[in-house]
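Work through the exercises below with the sequence and the model side by side, and try each task before reading its solution.

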Amino acid sequence: MENKLIVSPSPHVHSGDSIEKNMYGVLIALIPAFLVAVYVFRLDALIITALSVLFCMGFEYLIGRYIMKKEPTILDGSAIITGVLLAFNVPSNLPIWILALGALFSIGVVKMAFGGLGNNIFNPAIAGRIFLLISFPAQMTTWPAPEVSAVTDAVTSATVLSHLKFSPEQLPSLNDMFLGFEGGSIGEMSALALLLGLVYLLWKKIITWHIPVSIIASVAVFTGILYLINPIPTYNPLIHLFSGGLMLGAVFMATDYVTSPMTKSGMLIYGISIGFITVAIRLWGAYPEGVSFAILLMNAFTPLINNYTQPKRFGEVVKNG
């Protein structure tokens, strides 16, 4: 009886996946957008991103160690991603103390107050952005002109979506939108860089195509129908796809494991809903942008979507009546 047969639960073959591996994979996918941000906004983008990461990691460590009395988890990569995504959602000239408040809200209120990673209902970075947008609307909607802008003497500039809503005649070219040479938050400008990140995430199988593709496709279809009816810049699908936070939200924030549906059909419902709500807010809402609000709203519906789309158990008898 010295050599006992020990039977352990499945899986018996490890796939090699882990929280850390996937989190750092997402960070690698964010590198192209970060490089564009540094090229466009120079040192300001680097400072804001670095400080946002430090704030998020610091708050998670302090709250976990001294309030929740548990081992800190700052090295699993989740706090770093929250910091990077929060930075990518703010202007490069945002005052540091406001950025610190956003990090505290994202980590302390949205994540740690619910028990930490895996327990939060809403995406921390998106919730932090909306908190800052509502609390400090002037600072959150004042964007410095890109360093590579053709208007070299400009100090601040409007975003593409602001022009689209209030002054369509001043829109930049589609090429500038696609490459990221226009005003906006740090990490949302370059559709090309964010799509490169999407390709990497799909290649490494960190995410599936269902959420990002359904969001992008639903925005294209909805605006495309409106554009066929009335071909004005406001309804141009390419402008909506290449501007604002659509690509950043679809690829990196709506796909958050914790706050998105688990089933493939649920992911499609979730993504299509985000796309529809985004366009509705952009065209008829008070704000020029609607991606963050759409994702946050659908985060709240994720448990219902999971419940509605969960597969039937093998051998389950469905009762009628």
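**Exercise 1. A crossing of two helices**

α1 passes α10 in a right-handed crossing, in a structure that is a predicted model. Task: find which residues of α1 and α10 make the contact, and decide how the two helices are oriented.

Solution. Begin with the contact itself, which is made by Gly 25, Val 26, Ile 28 and Ala 29 on the side of α1 and by Gly 197, Tyr 200 and Leu 201 on the side of α10. Sorted by class, the contact of α1 with α10 has 5 nonpolar and 2 polar residues and no charged residues. Next take the geometry: α1 and helix α10, which covers residues 191–203, pack at an angle of about 150 degrees, and their axes are 8 Å apart. Because angles over 145 degrees count as roughly antiparallel, α1 is roughly antiparallel to α10.

**Exercise 2. A second pair for comparison**

Task: state at what angle α3 and α4 pack, and which word describes the orientation of α3 to α4.

Solution. Helix α3 (residues 43–67) and α4 pack at an angle of about 140 degrees, with 8 Å between their axes. This makes α3 oblique to α4, and α3 passes α4 in a right-handed crossing. The side of α3 in this contact includes Ile 48, Val 53 and Met 57, while the side of α4 includes Ile 80, Val 84 and Phe 88. The residues of the contact of α3 with α4 divide into 10 nonpolar, 5 polar and 1 charged.

**Exercise 3. How covered is α4?**

Task: say how many residues of α4 are buried, and name the helices against which the buried residues of α4 pack.

Solution. The count comes first: 11 of the 11 residues of α4 are buried, and the helix is mostly covered. Among the buried residues of α4 are Ser 78, Thr 82 and Gly 83, as well as Leu 85 and Phe 88. The partners of these buried residues are α1 (19–29), α2 (31–41), α3, α5 (96–111), α6 (124–135) and α13. For the setting, the protein chain has 15 helices and 2 strands, and buried residues make up 50% of its 321 residues.

**Exercise 4. The largest nonpolar core**

Task: find which residues touch the most other members of the largest nonpolar core, and which helix gives the most to this core.

Solution. The core holds 83 residues, and those that touch the most other members are Leu 30, Leu 85, Leu 201, Phe 252, Tyr 270, Ile 274 and Ile 295. Helix α4, residues 78–88, gives the most to this core, with 8 residues. Follow one member, Leu 85, to its neighbours: leaving aside residues up to four places away in sequence, Leu 85 touches Leu 30, Ala 125, Leu 248, Phe 252 and Met 253.

**Exercise 5. Val 251 and its surroundings**

Task: decide whether Val 251 is buried or exposed, and list which residues Val 251 touches beyond four places away in sequence.

Solution. First locate Val 251, which is found in helix α13; this helix, residues 246–253, is mostly covered, with 8 of its 8 residues buried. Because buried means under 20% relative accessible area, Val 251, with a relative accessible area of 0%, is buried. Not counting residues up to four places away in sequence, Val 251 touches Leu 194, Leu 198, Leu 201, Ile 207 and Pro 212. Val 251 and Ile 216 are 35 residues apart in sequence, and their C-alpha atoms are 9.4 Å apart in space.

**Exercise 6. Three loop residues**

Task: determine whether Gly 77 is buried or exposed, and do the same for Lys 69 and for Arg 42.

Solution. Gly 77 has its place in the loop between α3 and α4 and is buried, with a relative accessible area of 0%. Gly 77 touches Met 23 and Tyr 24, not counting residues up to four places away in sequence. Lys 69 is also found in the loop between α3 and α4, but at 64% relative accessibility it counts as exposed. Arg 42, in the loop between α2 and α3, counts as partly exposed at 38% relative accessibility. As a last step, look at the backbone: phi is near 55 degrees for Lys 69, a positive value in a residue other than glycine, and phi is near 60 degrees for Arg 42, likewise a positive value in a residue other than glycine.

Note on methods:
Residues numbered from 1 in each chain as written. Predicted model: local features only at pLDDT ≥ 70, side-chain atom pairs only at ≥ 80, totals over all residues. Heavy atoms only, no water. Core = buried A, V, L, I, M, F, W, Y, C linked by side-chain atoms within 4.5 Å. Buried < 20%, exposed > 50% of the residue type's maximum accessible area, 1.4 Å probe, protein only. Helix = DSSP H or I, 4+ residues; strand = E, 2+ residues; numbered from the N terminus. Contact = heavy atoms within 4.5 Å. Axes fitted to C-alpha atoms, helices over the stretch in contact; angles between N-to-C directions. Parallel < 35°, antiparallel > 145°, perpendicular 65-115°, else oblique. Left-handed = near helix turned anticlockwise from the far one by under 90°. Nonpolar A, V, L, I, M, F, W, Y, C, P; charged D, E, K, R; others polar.
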